[in-house]
Amino acid sequence: EEALRYLLKEEFAVILLDVLMPGLDGYETAKLVRQREQSKRTPIIFLTAINKEDAHMLRGYDNGAVDYVFKPFEPTILRSKVSVFVSLFEKTREIQQKAVVEQRLLEENLRVNSEKLAAEQALRRSEERQALVLKALPVAIYVESDNQSEERRPKFIAGDILGLTGFTHDAFVDDPQLWTSRVHPAEMKVALDPALGQAERVSEYRWLHADGNYRYFLDQAVQLSGDQAPIAGTLLDVTERRNLQDKLLQSQKLDAIGKLTGGIAHDFNNLLASVLSGLSLIERRATISEETGRVIEMTRHAAKQGAELVNRMLSFSRRQQLQPAAVNLAQLTDTIDGFVRPLLGGLIRLDWEIRDDLWPAYVDAAQLELAIMNLVINARDAMPTGGTITIRFGNRSVADSSEDLRSGDYVVLTIRDTGTGIAPEHLGKVVEPFYTTKEVGKGTGLGLSTAYGFAKQSGGTLRIESALGRGTDIEILLPRSMVEQPKAITPAVEAQEQIAELSADRPCILFVDDSAGLREMLTLQLADSGFEVVAAAGGAEALAMLEREPERFDLILTDFAMPLISGIELVRLARGLRADWPAIIITGYAEATEIVNRPENVPVLKKPFTHAALLGIIAKVLVQKGTALQQHR
C-alpha cells in the first residue's frame, strides 16, 4: 500500500518488488501497478528467497515482471540489472524532453509561418485594393531618371494608364517617344522640363489622348532619397476640374458684366428715351429742312444703336426682359431676308431650307431676329472670298436631358457657312463676351455671345461645329410652343385711329418717372397726341395724387425702378383704391422675376421706345378698359 501511494506521487525508473509480504504480496501489488496508467510501463524486478519454481516465476512474469533476482543476491548483479533500466529511463526522459522541445519548436515555427502567410495575404489584399483604387482614379504613377541633361522620359509603373492616356503600358515600353510626342506643342517646355525645384515639381499641361482630345494633366514629382535616386511622380487627369473652373470663371464674368450692365441700363435707357422723345417732338413742332432731317435721323439711329448695345449686353448676361410667345419661324424669313441680303454683297449666296411641318417656337421674335442677323453677319465675315450661307429650320426631339439642355421638343435653327472655320482652341471661347477671332477693329465679340445668352435664357442652347477650311455650323435650339401663334399686335396706323377716337374725351394720364428729362419730354409728346397728362416725380407723390383725386385719372403710366415705391408697388396700391385701374409699366431694365410678379393686365414697354409704340400700347389698354372707363365717367 505504501508503494502504491509513492507511485501516485512520483515517477520511478524501476520497481524492486519482494514477492512475499504481509497484506498485499508482490504479485497482487504488481497487478495493481500494471492497472494504473501512470505506472503500467514501469519495469518490475521481483526479489524472492523462495518460489523459485517455474510456476511461480511464470506467474510473476504474467503479472508484469521483467526479471527475477533471487536472495541472497550479489550487489553487483542487482546494480547492473537496475542500471540498465535506470539508463533506459534516463534516455527515455531525455528523448521525451527533446520531443517536447522539438514539438514546441515545431509549433512555434508553424505559428511564425502562419503569421507570415497571414501577413503576406494581408499585404497581397492591400496591394490589390490599392491597385483597384489606383485603377478607379484618373491617376498614373511613374518613375524617371534624375539625369538633368536628358529629356524627360517617364516610365509608368502603376495606375489606370489605359484610362488616363488611352494607351496600354506596353505601348509606352515599345515606343519611348510616345509620351513626349503627344504633349501639346504650346506647353512642351512646361511638360518636358526635367528639373526639380527645391522640394518637388508641379506642372499642368495638355496631353493628346488616344481618342483625339486633349486632356489636362497635373504632374507632381518628388526626388527620392539617396545618391542618384530616381524621381517618382503621379499624373492626375484634371480635365473635368479645369472645365468646371473655366465654367465658373465664365459664369463670374457674365455675372460681373450683368451686374454692371443692369446697373447702367436703367439710367442709360432713360437718357436714350429722352433723346428719342425729344427728336419726335422736334419733328412734330418744327419745320425741318432736308439736311436737318438727315441730322435728326442720324441722331435717332445712334440712339437706337445705343439701345441695341445695352440689349446685347443684357442678352449675353441673360438679364434682359424677354417677351416670349408662339412664333412661326417661317414667317420671319421675309423680314430677315430683307435686312441681311443688302449686307452680304454679290459674292455670298443666301439659301433657306424650311420644313413644311415646322413646329412653332416659344421665343421672343425680336431677339431671335437680332440673333439670326448677328450670326449671318459673322458667317459673311468668315467668307471674304464668297460662299454660301444656308439657314435651315427643323424639328428635333431630345429624349435625354444633358448638362446644357433638358429633354423635350425643340425647333432647331441652323446657320451654315462655307468659310474659313474656327480653330479647335477657339471653339470653347467664341461665346465669351468680347472674345473675337477677327482682326482688331472688325469685330466686337458680342455677336455669338449675344446669340448664346439669348438661346440659354429662352430655355434652349447654342452649339457650334467647325473645321478649319471647311466652314461652320451653328445650331440654336429653341423650345417648341404647344399653342398656336397669336394674332398680330395692333398696327401703328390702327393705334393712331384708336387714339384719335379716345382723344375726343381727352383721357387723363398720370405719368410717373424719376427722370426729369424723360418726364418732361413724354409729357409734351402725350399732350401733343391729345391726352391730358399729369406728371409725378416718384411713387409717393403719385400715390398722394391718386388718393386726392381718384376720379381724375384714366390711366397710370409709371416707370418700374424708382426710389421708395416702385412702379409695381404703385399699381398695387392704386388698385387698392380702384380695382382694375388701367396701368402700363415702362422700364429701362428690371429683373425678370420682379416683372413677372406684376399685377394682372399690366403690360410692360421697354425703354427706349418710339412714340408709335407708346401710343399703340396706350390705345390697347384704354380700348380693353373702354367699357369700364365709360362706366367710371
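Student: Which residue in β3 is the bridge partner of Phe46?

Tutor: This is a predicted model. Strand β2 (residues 44–48) runs parallel to β3, and five bridges join the two. For Phe46, the bridge partner in β3 is Tyr68.

Student: In what order do the strands of that open sheet stand, and which of them are at the edges?

Tutor: The sheet is open, has three strands paired in parallel, and follows the order β1-β2-β3. An edge strand has a single partner, so one side of it is left without a neighbour in the sheet. From one strand to the next the twist averages 30°. The strands at the edges are β1 (15–18) and β3 (65–70).

Student: What angle does helix α2 make with β2?

Tutor: Helix α2 (residues 26–35) packs on the sheet and touches β1, β2 and β3. Another helix, α3 (residues 54–62), lies across β2 and β3 and runs at about 140° to β3. Between the directions of α2 and β2, the angle is about 175°.

Student: Why are the buried residues of α2 on the same side of the helix?

Tutor: The buried residues of α2 are Gly26, Tyr27, Thr29, Ala30 and Val33. An α-helix has 3.6 residues a turn, so residues three or four places apart point the same way. What covers these buried residues includes α1 (2–9), β1, β2, α3 and β3. They are on the same side of α2 because they cover an arc of only 160° around the axis.

Student: Which residue caps the N-terminal end of α2?

Tutor: The cap involves the backbone nitrogen of Tyr27. A side-chain oxygen lies 3.2 Å from that nitrogen, and the oxygen belongs to Asp25.

Student: How wide an arc do the buried residues of α18 cover?

Tutor: In helix α18 (residues 567–577), the buried residues are Gly567, Ile568, Leu570, Val571, Ala574 and Arg575. Their arc around the axis puts them on the same side of α18. That arc is only 160°.

Student: Which helix gives the largest share of the largest nonpolar core?

Tutor: In soluble globular proteins, nonpolar side chains tend to be buried together. The largest nonpolar core here has 37 residues, and those with the most contacts inside it are Leu329, Leu368, Ile372, Ile389 and Ile391. Six residues, the largest share of this core, come from helix α12 (residues 365–381).

Student: How many residues are in the second core?

Tutor: This core is separate, and its members include Leu543, Ile556, Leu570 and Ala574. Leu570 and Ala574 are also among the buried residues of α18. The second core has 22 residues.

Student: Which residue of β15 is the bridge partner of Arg463?

Tutor: Strand β14 (residues 461–467) and β15 run antiparallel, joined by seven bridges. They form a hairpin with three residues between them, and Gly469 in the turn has a positive phi of about 80°. The bridge partner of Arg463 in β15 is Glu475.

Student: With which side chain does the side chain of Glu475 make a polar contact?

Tutor: Glu475 is found in strand β15 (residues 471–479). Leaving aside neighbours within four places in sequence, the residues in contact with Glu475 include Val412, Thr414, Arg463 and Arg396. The polar contact, at 2.9 Å, is with the side chain of Arg396.

Student: What percentage of the residues in the protein chain is buried?

Tutor: The protein chain has 21 helices and 20 strands. A residue counts as buried at under 20% relative accessible area. Of the 633 residues in the protein chain, the buried ones make up 43%.

Definitions and conventions:
Residues are numbered from 1 along each chain as its sequence is written. This is a predicted model: local features need pLDDT of at least 70, side-chain atom pairs count only at pLDDT 80 or more; totals for chains, interfaces and linings use all residues. Side-chain values use heavy atoms; hydrogens and water are left out. Helices (H or I, at least four residues) and strands (E, at least two) are DSSP runs, numbered from the N terminus. A polar contact is a pair of N or O atoms within 3.5 Å; within protein, one must be able to donate a hydrogen and the other to accept it, and residues adjacent in sequence count only if both atoms are side-chain atoms. Contact means heavy atoms within 4.5 Å. Two strands pair if DSSP finds at least two bridges between them. Axes are lines fitted to C-alpha atoms, for helices over the stretch in contact, and angles run from 0 to 180 degrees between N-to-C directions. Buried means under 20% relative accessible area, exposed over 50%, partly exposed in between (1.4 Å probe, protein chains only). The arc is that of the directions from the helix axis to the C-beta atoms. A nonpolar core is a set of buried Ala, Val, Leu, Ile, Met, Phe, Trp, Tyr and Cys residues joined through side-chain atoms within 4.5 Å.
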